[in-house]
Amino acid sequence: MGGERKLYTLVEVSEHNDPKDCWLVIEGKVYDVTKFLDDHPGGEDVLLSATGKDATDDFEDVGHSSSARAMMEEFYVGDIDSSTIPAKVKYTPPKQPHYNQDKTAEFIIKLLQFLVPLLILGLAVGIRFYAKSA
């Protein structure tokens, strides 16, 4: 495309998100991959699912060959305005209560909560039986 370098916002690129018009953002560049959808080895769904965001991580995770990278140049349409791409949010797992691996004390308490009433009941029945027979 000559020396022409058009700058696109993520919103503009996101509008191109269907099989008849599919654009991707990879490594700061915008590619119109519409003509490549049918030929993509992973199928068109893989490309369509990467629209509307920075697809660099998706692209790198697959490990594309050098010939695939060279092929990208024919689909190049411009650059992305990096200020329109949201910053990556670091994942922080939710707070969870401390896991107590030694549950012996809890087990003993639950066992006593079950056995003590049974012992009292057995003792009461024994005393009554003994009192009746005496």
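A residue counts as buried when its relative accessible area is under 20%. With that in hand, welcome to a predicted model, shown here in a series of close-ups.

**View 1. Strand S5 is a mostly covered part of the sheet.** Let us start with strand S5, which spans residues 76–80. How many of its five residues are buried? The count is five of five. S5 belongs to an open sheet of five strands, and the order across that sheet is S1-S5-S4-S3-S2. The pairing in this sheet is mixed. At the edges are strand S1 (7–8) and strand S2 (17–18), each of which pairs on one side only.

**View 2. Strand S5 has S1 and S4 as partners, joined to it by bridges.** Which way do S1 and S5 run relative to each other, parallel or antiparallel? They are parallel, and two bridges join them. Within this pairing, Leu7 has Asp79 of S5 as its bridge partner. Turn now to strand S4, made up of residues 29–32. Here three bridges make the link to S5, and the two strands run antiparallel. Tyr31 is matched with Tyr76 of S5 as its bridge partner, while Val30 is matched with Gly78.

**View 3. Tyr8 and Trp23 form an edge-to-face aromatic pair.** Searching the whole structure turns up three aromatic pairs. In the pair of Tyr8 and Trp23, the ring centres are 5.1 Å apart and the planes meet at 80°. Where in the chain do the two residues come from? Tyr8 is in strand S1 and Trp23 is in strand S3 (residues 21–26), so placed that the pair links distant parts of the chain, 15 residues apart. Tyr8 is buried, and Trp23 is buried too. There is a further neighbour to look for: the charged end of Lys6 sits over the ring of Tyr8, at 5.0 Å from the ring centre.

**View 4. Tyr31 and Tyr76 are bridge partners and also an aromatic pair.** Why is this pair called edge-to-face? The ring planes stand at 70°, and an angle over 60 degrees earns that name. The centres of these two rings are 6.1 Å apart. Tyr31 belongs to strand S4 and Tyr76 to strand S5, and the pair links parts of the chain that are 45 residues apart. Are these two tyrosines buried or exposed? Both are buried. A lysine joins the scene as well: the charged end of Lys29 sits over the ring of Tyr76, 5.6 Å from its centre.

**View 5. Glu27 takes a positive phi in the hairpin of S3 and S4.** Four bridges join these two strands, which run antiparallel. One of the bridge pairs is Ile26 with Lys29 of S4. The hairpin has two residues between its strands, and Glu27 lies in this loop. Its phi is about 50°, a positive value, although Glu27 is not a glycine. With a relative accessibility of 48%, Glu27 counts as partly exposed.

**View 6. Phe59 is a buried residue of helix H3.** Helix H3 covers residues 56–62. Why does Phe59 count as buried? Its relative accessible area is 10%, and the limit for buried is under 20%. Which residues does Phe59 touch, leaving aside those up to four places away in sequence? They are Ile26, His64, Arg69 and Met72. Ile26 is 33 residues from Phe59 in sequence, yet their C-alpha atoms are 7.3 Å apart in space.

**View 7. Helix H5 lies largely in the open.** Finally, look at helix H5, which runs over residues 104–133. How many of its 30 residues are buried? The number is zero, so H5 lies largely in the open. At 1.5 Å a residue, the helix should span 44 Å, and the end C-alpha atoms are 42 Å apart, which agrees. The UniProt record, an unreviewed entry, places the feature "transmembrane region" at residues 111–131. In the model, this span is 100% helix and 0% strand, with its end C-alpha atoms 30 Å apart.

Note on methods
Residues are numbered from 1 along each chain as its sequence is written. This is a predicted model: local features need pLDDT of at least 70, side-chain atom pairs count only at pLDDT 80 or more; totals for chains, interfaces and linings use all residues. Side-chain values use heavy atoms; hydrogens and water are left out. UniProt positions are given in the numbering used here, feature names are shortened, and annotations may be inferred rather than shown by experiment. Two strands pair if DSSP finds at least two bridges between them. The expected span of a helix is 1.5 Å times one less than its number of residues. Buried means under 20% relative accessible area, exposed over 50%, partly exposed in between (1.4 Å probe, protein chains only). Rings of Phe, Tyr and Trp (its six-membered ring) pair if their centres lie within 6.5 Å; planes under 30 degrees apart count as stacked, over 60 as edge-to-face and the rest as tilted. A charge sits over a ring if NZ of Lys or CZ of Arg is within 6 Å of the ring centre and within 35 degrees of the ring normal. Contact means heavy atoms within 4.5 Å.
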